[in-house]
Amino acid sequence: MEEEKTIIRIRRGINGFKYSVCDKNGYFIGNCEKLADVRKHWLEEIKLGYVELVRELDKMPDMSLTEKTIENLNKLLKILAEQ
């Protein structure tokens, strides 16, 4: 059985960074200054064919999951602080 490739999307950066790294659905993973940094991070997986980089510099990362996670963590911290 052939393993499915992991898609890493490179999108327009946020918070002063040039690039944002996103998963296959466009959800934000992290920021970087150079495309070479992204390639270096996944170098072995790219060589083995497990990872494919897709440039989508005309799009912004989807921050909805990150924002929801922050919201949930803040609720949890508030509950723990009240105990």
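Here a colleague asks a modeller about one predicted model.

Colleague: What kind of model is this, and how are residues numbered?
Modeller: This is a predicted model: local features need pLDDT of at least 70, side-chain atom pairs count only at pLDDT 80 or more, and totals for chains, interfaces and linings use all residues. Side-chain values use heavy atoms, with hydrogens and water left out, and residues are numbered from 1 along each chain as its sequence is written.

Colleague: In what order do the strands of the open sheet stand?
Modeller: Strands (E, at least two residues) and helices (H or I, at least four) are DSSP runs, numbered from the N terminus. Two strands pair if DSSP finds at least two bridges between them. Here 4 strands form an open sheet with mixed pairing, and their order is 3-2-1-4.

Colleague: Which strands stand at the edges?
Modeller: An edge strand has a single partner strand, so one side is left without a neighbour in the sheet. That holds for strand 3 (28–32) and strand 4 (51–56).

Colleague: What does the twist average from one strand to the next?
Modeller: Axes are lines fitted to C-alpha atoms, for helices over the stretch in contact. Angles run from 0 to 180 degrees between N-to-C directions. From one strand to the next, the twist averages 25 degrees.

Colleague: How many bridges join strand 1 to strand 4?
Modeller: These two strands run parallel. Ile8 has Leu53 as its bridge partner in strand 4, and Arg9 has Val54. The number of bridges joining the two strands is 6.

Colleague: Is strand 1 largely enclosed or left open by the rest of the structure?
Modeller: Buried means under 20% relative accessible area, exposed over 50%, and partly exposed in between (1.4 Å probe, protein chains only). In strand 1, 5 of the 7 residues are buried. The strand is therefore largely enclosed.

Colleague: Which residue of strand 2 is the bridge partner of Arg12?
Modeller: Strand 1 and strand 2 pair in the antiparallel sense over 4 bridges. In strand 2, Tyr19 and Val21 point one way, Ser20 and Cys22 the other way, and all are buried. The partner of Arg12 is Tyr19.

Colleague: Which residue in the hairpin of strand 1 and strand 2 takes a positive phi?
Modeller: Most residues other than glycine have a negative phi. This hairpin has 6 residues between the strands. One residue in the loop between strand 1 (6–12) and strand 2 (19–22) has a phi near 55 degrees, and that residue is not glycine. At 69% relative accessibility it counts as exposed, and its name is Asn15.

Colleague: What is the phi of Gly26 in the turn between strand 2 and strand 3?
Modeller: Strand 2 and strand 3 run antiparallel, joined by 4 bridges. Val21 has Gly30 as its bridge partner in strand 3. The two strands form a hairpin with 5 residues between them, and the phi of Gly26 is positive, about 90 degrees.

Colleague: How many disulfides does a search of the whole structure find?
Modeller: A disulfide is a covalent bond between the sulfur atoms of two cysteines. The test is a pair of cysteine sulfur atoms within 2.5 Å. The search finds 0.

Colleague: Why is Cys32 not bonded to Cys22?
Modeller: Cys22 is buried, at 0% relative accessibility. Cys32 is buried too, at 8%. Their sulfurs are too far apart for a bond, because the distance is 9.9 Å.

Colleague: Which residues make the nonpolar surface patch of about 380 Å²?
Modeller: Patches are made of residues with over 30% relative accessible area and no salt bridge: like charges are joined within 9 Å, nonpolar side chains (Val, Leu, Ile, Met, Phe, Trp, Tyr) within 5 Å. A salt bridge is a side-chain nitrogen of Lys or Arg within 4 Å of a carboxyl oxygen of Asp or Glu, and accessible areas come from the Shrake-Rupley method with a 1.4 Å probe, where for residues only the protein chains shown count as cover. One member of the patch, in helix 3 (residues 64–82), is partly exposed at 48%: Leu80. The full set is Leu73, Leu76, Leu77 and Leu80.

Colleague: How many Å separate the C-alpha atoms of Lys75 and Lys5?
Modeller: Lys75 is in helix 3. With a relative accessible area of 46%, Lys75 is partly exposed. Along the chain, Lys75 and Lys5 are 70 residues apart, and their C-alpha atoms are separated by 36 Å.
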